[in-house]
Each structure stands twice: as structure tokens, then as C-alpha cells.
Amino acid sequence: MNRTFRYPSVLFFALLFVATTGHAQNKNIYHKGWIDFNKNGKMDVFEDPSKPIDSRVNDLLSQMNLDEKTCQTATLYGYGRVLKDEMPTAEWKTKIWKDGIANIDEELNSLPYNKKAVTQYSFPFSKHANAINTVQKWFVEETRLGIPVDFSNEGIHGLCHDRATPFPAPVNIGSTWNKNLVYRAGNTVGREAKALGYTNVYAPILDVARDQRWGRVVECYAEDPYLIAELGKQMTLGIQNQGVAATLKHYAVYSVPKGGRDGNARTDPHVAPRELHEMFLYPFKRVIQEARPMGVMSSYNDWDGEPVTGSYYFLTELLRNQYGFNGYVVSDSEAVEFISSKHHVADDYKGAVKQAIEAGLNVRTNFTMPETFILPLRELVKEGSVSMKTLDERVADVLRVKFRLGLFDSPYVNDPAASDKNVHTASDEELALQLNRESMVLLKNEKNLLPLNINQYKNILVTGPLATETKYTTSRYGPSNNPIVSILDGIKAFAGKTATVNYSKGCEVIDSKWPESEIMPVALTAQEQAQINEAVAAAKNSDVIIAVVGETDDLVGESKTRTGLNLPGLQSQLLQALYVTGKPVVMVMVNGRPLTINWENKYLPAILQAGFPGPSAGKVVAETLFGENNPGGKLTMTYPKSVGQIEYNFPFKPASQAGQSKNDDPNGYGKTMVLGSLYPFGYGLSYTTFEFSNLKLSAEQIRSQGEVQVSVDVKNTGSRKGDEVVQLYLKDVVSSVTTYETVLRGFERVNLAPGETKTVKFTLTPDDLMLLDKNMKWTVEPGKFEVLIGNSSESIKLKKEFMVSK
């Protein structure tokens with residue numbers, strides 16, 4: 001892969017900084033081929049690029065005192081969060097980071113909704129690269145050992161920086177089912193981070209979202225661990241290919257708060273040990289072993305009564321000893337504090353620090369000054385409560401990552417000016433557009449109402465509270481200050497020259513009594529009724545109604561779990577009133593989680609899920625509605641019909657989601673509940689049709705460590721070019737422990753012209769066949785397996801069997 005940026009020339013920096021280093025050091029520390037970080041006039045082992053990394057780490061560690069070591073165990077949040085200065089000041093010599101710091105997070109990035117964090121140094125991009133160089137230069141030149149800083153930043157749907165390339169929310173990225181596209185997105189995030197001076201990206205999120213009510217569903221790829229692992233692997237590889245660390249989050253069991261409730265210390269996940277490993281740890285294990293990320297973020301929840309950030313089992317036994325992780329672990333914000341303040345498994349905060357550092361935590365993060373962690377840690381070491389050996393091990397992990405990142409050979413952005421040409425380029429914007437396009441999911445299309453014929457509908461009404469909303473296209477974890485196209489504006493731009501496009505809001509996103517209106521009907525205010533009446537009047541004069549409904553950023557995200565999953569507020573009442581007019585209603589759903597749109601699915605002729613796309617939302621939705629983009633996305637979460645069905649997901653254990661009749665249950669009778677999903681995992685329609693045929697397996701019988709090659713033909717049998725996602729599910733017919741009914745073990749998104757056929761190939765490996773046996777050992781058991789090919793978890797087109805022998 002071609003790299004945009006080269007490692008900087010030491011001679012270049014010698015010339016650049018020779019005039020400015022005199023006030024700190026009376027001698028130039030920049031030499032040909034090495035940097036004299038400790039300013040002793042000789043090349044130490046840790047300063048020698050030719051030496052092995054472990055030798056360099058050990059040499060540097062041997063030169064560090066207690067103050068310097070403990071400073072490598074904490075994060076300094078950047079300007080506008082904790083750090084009050086945009087640039088280094090003389091006062092920094094009195095701050096705790098005078099002895100260094102592990103990392104600085106979100107430095108000078110200008111968060112969109114935090115006015116305190118707005119800075120002159122975030123843009124132009126070259127100005128930020130120069131500013132990061134200035135901050136880094138202070139640590140290299142003004143601290144005794146000159147240990148460079150790891151500059152971290154969020155990056156789950158584009159780098160969290162002013163005007164960086166904006167990608168759709170992770171729930172949309174998952175809906176593309178496109179591994180290559182996700183790899184390219186990771187590449188862009190890593191390249192832009194490198195250009196701007198960031199060296200560590202907090203991405204991807206590998207949480208398995210199993211409760212549709214949970215606020216952070218929008219930040220997850222899927223409910224299925226295999227799909228998450230495959231996409232998370234590609235994102236990680238893409239980021240790290242650019243010489244930047246990827247930090248996985250949130251490790252572990254973070255995404256299933258009891259009852260979907262989302263408090264400040266998420267606790268009590270009801271997860272059995274086997275489910276812990278097969279479901280929630282599976283993506284972390286695979287991505288760590290297959291993509292070798294340099295970072296992992298520990299979560300602030302517990303599991304089975306043990307806080308993860310204070311757990312030796314999670315942070316050392318599993319993560320390092322079993323999975324082979326060799327980077328550093330950073331805590332989620334306040335995870336250490338919660339050990340004592342919320343989980344109450346330590347007497348005080350100092351006890352929490354001891355638990356965390358001994359469990360395997362390397363770097364503590366919180367929105368407080370770093371000394372709140374560093375000072376008690378120093379006390380613990382001086383008292384002998386924490387051994388110097390333990391501290392050395394934790395610090396060595398941090399230093400090792402910094403060496404792997406090249407920070408001791410090339411601590412600065414080489415060519416800051418180049419970032420103006422290499423961040424958010426035209427090709428980057430096209431990639432963002434493609435991600436948005438491929439994330440569109442067509443849920444219903446009765447009588448092929450969509451795509452709309454632009455020449456047929458001369459009077460178009462756009463209504464609904466999400467038509468003009470734009471905030472969902474950005475979040476505090478995504479790029480800011482990019483131009484945003486609302487869905488209304490996108491439709492006007494696409495169809496405005498051939499049709500009259502009118503707009504009537506219809507209702508607000510939430511009503512005056514929300515969220516109480518989630519649990520009981522409320523009377524409309526006069527103003528609310530007038531808004532609906534106005535939209536109905538406009539609808540009567542239109543040829544087609546495009547109703548844009550759903551959720552905003554205010555209803556989706558961290559600590560924004562919902563009680564119900566219906567369209568919030570009066571949006572369903574608006575849709576029902578529009579339906580009564582007799583005009584065709586196309587529903588466009590902006591949503592960060594599955595919604596229980598039962599009435600809408602039954603009565604409205606067409607439903608397009610837009611999800612939470614990026615700033616090009618309006619352009620992409622319009623392209624899709626009018627046929628320029630053929631939707632090919634697939635759902636990555638099951639849509640329940642009611643919150644009363646939750647938990648309701650794929651994969652699931654046999655009979656756990658079965659019906660009540662005698663056919664479903666030998667003890668079954670009666671009819672007391674609503675059954676089945678509204679839309680299953682993997683579901684999504686197209687403007688064309690596809691046919692599967694010619695399923696072949698390379699063998700009908702294999703040994704336990706053998707492989708099976710699978711091939712299947714997929715043909716576009718319609719009249720439009722389109723994408724199909726070929727999905728391979730595997731069923732272990734008889735096993736020593738109860739396994740999932742089927743599991744996803746392969747998928748491929750295929751683009752086909754009308755009449756075109758392509759052969760899709762998969763390889764099933766022993767890892768794909770493994771289960772945790774009665775002794776909690778991973779093993780491939782002998783027996784029969786079924787390969788099922790389809791285009792959703794419930795739409796299986798072809799089946800074949802093979803046997804595994806001893």
C-alpha cells in the first residue's frame with residue numbers, strides 16, 4: 001500500500017529546530033540518524049534505531065525515575081477538556097507532565113458541540129500539524145528524557161477532527177456488509193490522523209449490540225459477533241497500515257446493560273460464561289489475533305461482580321496470555337474511579353488505582369488532571385503496595401507502542417503543509433459518499449413504488465421532522481464543521497428542476513409529553529394538531545408524499561437508552577393522517593437503532609432506512625429514492641415487533657425464539673404473544689432481483705483440522721444493476737453442548753449488471769467450526785454440519801451438508 005507520508009529526515013528537523021532549542025538546551029539534540037532524547041551527548045541504546053525494540057524499551061526504562069514512570073500511566077485530555085493552554089507555556093514546567101505523559105487525547109481538534117474546545121489550531125490542517133509538532137517538541141526538548149507523546153483521538157466514523165472526512169455512523173458502516181470499503185475507510189482515518197499529528201485512533205468499536213433499546217447501538221456495527229469481527233478487522237488493518245495505532249473498544253461485555261438501562265457505570269450484564277466467550281469476546285479475540293491492534297480500551301462495567309478495569313482475568317489472563325495482545329490498555333473515562341465509587345469493590349480511590357494497575361491497566365483516562373491518578377500511584381509504589389516490577393511492566397507496554405509507532409525515530413509530522421492536500425480530498429469525499437450509498441437499506445417496496453419516476457411525480461410533498469434535521473450526521477466522536485445536505489435539500493436539488501417540491505414539517509421529533517408518551521397516549525396540543533393538519537392539507541395537493549421520520553442525535557447515543565422503540569412523539573400519528581389522504585407515502589427512516597414500525601410496515605407502500613448517514617445524507621437519500629443509487633444494504637440487527645420480545649437477536653439458541661403452537665413447542669397451546677421479527681438479521685431489498693444456484697462443497701467429509709471450500713453462483717435476474725450480499729450460515733447439527741441454531745460464517749457483497757452471474761467463494765476453517773465444549777475448551781467436534789446460503793438469516797436459498805470425522 002502506498003504511503004502518503006514519509007518518515008521525517010532528522011537533518012530536516014535539525015535545521016528546523018536548531019534556532020529554537022537554545023532556550024531549553026544549549027546543545028542541539030538532533031543528529032544524523034538519531035535524536036539525543038536524554039540530552040547526554042551520546043547515542044544510548046533506546047536512541048539507536050538499529051536496536052531491537054525490546055532492548056530500547058529496557059534501556060529507557062532503566063534510566064527512568066519513579067516520577068517519569070508514573071507519568072507514562074495517565075492521559076492528559078486535550079485543550080478545552082482538561083488542558084487549558086492551546087500551546088506550551090512556561091507554567092508547564094510546574095505541571096505534573098514536566099516529567100512526560102503517556103498520551104494527550106483529542107488535542108486541538110475542535111469538537112462540534114463543545115465551545116470550550118474550539119481552537120484556531122484545528123484548521124487549516126497544516127496549522128494543526130504544526131501545532132502538534134510544537135507540543136511534541138516541548139515534551140522532546142523540555143523534559144529530562146524527552147519521551148514523545150502518543151496523540152490519541154476518536155475515529156469510529158471518520159477522524160474526530162475539524163473538517164476531516166466524515167463517514168456514516170458505525171451502524172450504517174455495518175449495513176454495507178462491504179469489507180473492502182471498511183478497510184478503505186480505516187485507511188483514510190489512519191492517513192488523516194498521521195497527517196494531522198495523531199498517532200493513535202480510538203476505533204473500531206467491537207461491542208456486540210444485543211439490546212435494541214441501548215443508546216449506543218448507533219456506534220456498533222451489528223448484533224452478530226462474526227460480522228463485527230470481520231468489519232472490525234478491516235477497520236483495524238486499514239488504520240494501522242498508515243503507521244497509526246488502532247485502539248479497540250469497549251473491552252469487555254459493555255453492550256448489554258441490564259434491561260437496556262444505561263447509567264454512568266454500566267453494571268450487571270446478564271451474560272453466562274459460554275456466551276461471554278462465544279458472543280461478546282469473540283470479536284476482540286479475532287481482531288487482536290488477526291490484525292494486531294496496538295491499543296485496547298477497558299470498559300467501566302463489571303462482569304459477574306468483577307469490574308473489568310480492575311480484573312486481572314480480563315486484562316491479563318485473557319487479553320495478554322490467551323489472545324496475545326501486546327499493546328497498551330487505556331481505560332474508558334472514569335473506569336478506574338468507578339471501581340470504588342460505583343462498584344464498591346475498593347475502600348477508596350487509592351485502592352481502585354491499586355486494583356487497576358495490578359490487573360493490567362496501562363493508562364488511566366478521565367476528564368480530570370492526570371495527577372489524580374499519578375500521585376496515588378506514586379504513593380502505592382513508595383509504600384510497597386504496588387511493586388516496581390509491576391509498574392515497570394505497565395510502563396514498558398506503553399513505551400513499546402511508542403517505539404512501534406516510530407516516535408523515538410521520527411516524533412514529528414514530517415511535512416505539515418502536505419496535510420492541506422492530503423486530508424479530506426476529493427477521493428476521500430467520494431469514499432464517504434459510497435459508504436453512505438451502500439448503507440441504505442430498503443425495507444419495503446410494494447408494487448415497486450420505488451424508485452420514483454422523476455417524470456411521473458410533478459408535485460412532491462416532503463414532510464416529517466427529520467427532513468430538515470442535520471445534527472445526526474455529526475457526533476462528538478465524528479468530524480465536525482463539514483457542509484451538510486439535509487434530506488429536504490437533497491430532494492430539492494435532485495428533483496427541483498422537473499417537479500415542485502413542497503415542505504411541511506408535520507410534527508416535531510418528540511411531543512410535549514415525551515418520554516412519558518412512550519408508555520401512555522397523550523392529548524395533542526392545539527399547535528401539534530395544527531402542524532399535522534397543515535401537512536395533510538399539503539398532501540392532498542401532491543402526487544407523492546416523502547415522509548422523513550425517526551430519531552435525532554438527541555435521542556441516540558451514550559446514555560440515551562429508550563423505554564420504547566416506536567417512532568417517538570407524534571410521528572406515527574402524522575403518518576396515519578397522511579395515509580388517509582390516499583396519496584402514496586414513501587417513508588424515509590432516520591434511525592440509530594431498530595424501531596418497532598409495525599403499523600408503518602403494514603400500511604405504507606415503501607420504507608427506506610437511511611440510518612444515520614454522514615453529511616451527504618440528503619444527496620444519497622435523494623439518489624436512492626429516484627433510482628440513481630440502487631439500495632443494497634442489509635440489516636445488521638434484528639427488528640423486533642415489540643420491546644416485549646427483547647432479547648430478540650441473531651444468533652439465537654434452538655427454540656429460544658420459537659412460537660407457541662404444538663408445532664413449535666410440545667407443551668404449546670394458546671395464543672398470547674406476538675411472534676417473529678419485523679425484519680430479520682441480514683434483511684434488505686433491492687430494485688432488482690437475484691437468484692442463487694450451483695452450491696458446491698469441496699468435500700463431503702473432512703478431519704477436524706481440515707477446511708471446506710464453498711462456492712455458489714449468484715445472478716442478477718432483474719433489469720437494473722445492483723448489489724446482493726451473499727450470506728453463508730453454518731449449522732452444527734448435533735453437539736455436546738447447546739449451540740446457536742445457525743451462525744454467520746461468511747458474506748460477500750457482489751455487484752452485478754442485469755443478467756450477470758458471478759461465483760462467490762468461501763473457505764470454512766476449523767475456527768469457523770469450533771465450539772466451547774463442556775470443559776470450556778475450544779474444539780471442533782465430529783459430526784454433521786449444514787452450509788446454508790441466503791440473503792438474510794431467514795431467507796435461505798440453498799443447503800448442503802458435510803461431515804467432520806475424528
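These legends go with a handful of close-up views of a predicted model.

**View 1. The six-stranded open sheet, end to end.** Walk across this sheet and the strands come in the order β12-β17-β16-β15-β13-β14, with mixed pairing. At the edges sit β12 (441-445) and β14 (500-504), each of them pairing on one side only. Ignoring direction, neighbouring strands are turned by 20° against each other on average.

**View 2. β15 meets β16, with helices packed on the sheet.** Here we zoom in on strand β15 (residues 544-550) and strand β16 (residues 585-590), a parallel pair held over six bridges. To get your bearings, find I545, whose bridge partner in β16 is V585. Two helices are worth picking out here. Helix α19 (residues 571-580) packs on the sheet and touches β13, β15 and β16. Its direction makes about 170° with that of β15. Helix α17 (residues 487-495) lies across β13 (459-463), β14, β15 and β16. Compare helix α17 with β14 and you'll find it running at about 165° to that strand.

**View 3. Strand β8 between β7 and β11.** Strand β8 (residues 295-298) is a short read: G295 and M297 point one way, V296 and S298 point the other, and all are buried. That fits the usual picture, in which side chains of a regular strand alternate between the two faces of the sheet. Strand β7 (residues 245-251) pairs with β8 in the parallel sense over three bridges, and Y251 has S298 as its bridge partner. Strand β11 (residues 328-331) also runs parallel to β8, and four bridges join them. In that pairing, look for M297 opposite V330.

**View 4. The three-stranded open sheet.** This one is antiparallel, with the strand order β18-β20-β23. β18 and β23 (757-764) stand at the edges with a single partner strand each, so one side of each is left without a neighbour in the sheet. From one strand to the next, the twist averages 20°. Eight bridges link strand β20 (residues 708-716) to β23 in the antiparallel sense. A handy landmark is S711, which stands opposite K761 in β23.

**View 5. A699 and its surroundings.** Where does A699 sit? Look in the loop between β18 (690-697) and β19 (701-703). Setting aside neighbours within four places in sequence, A699 is in contact with V708 and F802. V708 belongs to β20, the strand shown in the previous view (residues 708-716). Don't expect to find H31 in this frame: A699 and H31 are 61 Å apart in space, C-alpha to C-alpha, and 668 residues apart in sequence.

**View 6. Inside the second largest cavity.** Rolling a probe the size of a water molecule over the atoms shows where empty space is left. For this model the count comes to six cavities of 30 Å³ or more. The one shown is the second largest, with about 110 Å³ of space. Which residues lie nearest its centre? They are V171, S175, N591, Q609 and Y639, out of 13 that line the cavity. Helix α5 (residues 170-175) gives the most to this lining, with three residues. By class, the lining of this second largest cavity has seven polar, five nonpolar and one charged residues.

Key
Residues are numbered from 1 along each chain as its sequence is written. This is a predicted model: local features need pLDDT of at least 70, side-chain atom pairs count only at pLDDT 80 or more; totals for chains, interfaces and linings use all residues. Side-chain values use heavy atoms; hydrogens and water are left out. Contact means heavy atoms within 4.5 Å. Two strands pair if DSSP finds at least two bridges between them. Axes are lines fitted to C-alpha atoms, for helices over the stretch in contact, and angles run from 0 to 180 degrees between N-to-C directions. On a 1 Å grid over the protein atoms alone, a cavity is a set of points where a 1.4 Å probe fits but cannot get out, and a pocket is an open set with protein on both sides within 12 Å along at least five of seven lines; lining residues have an atom within 4 Å of a point. Grid points are joined across faces, edges and corners, and a volume is the space filled by probe spheres set on the points. Ala, Val, Leu, Ile, Met, Phe, Trp, Tyr, Cys and Pro count as nonpolar, Asp, Glu, Lys and Arg as charged, and the others, Gly among them, as polar. Buried means under 20% relative accessible area, exposed over 50%, partly exposed in between (1.4 Å probe, protein chains only).
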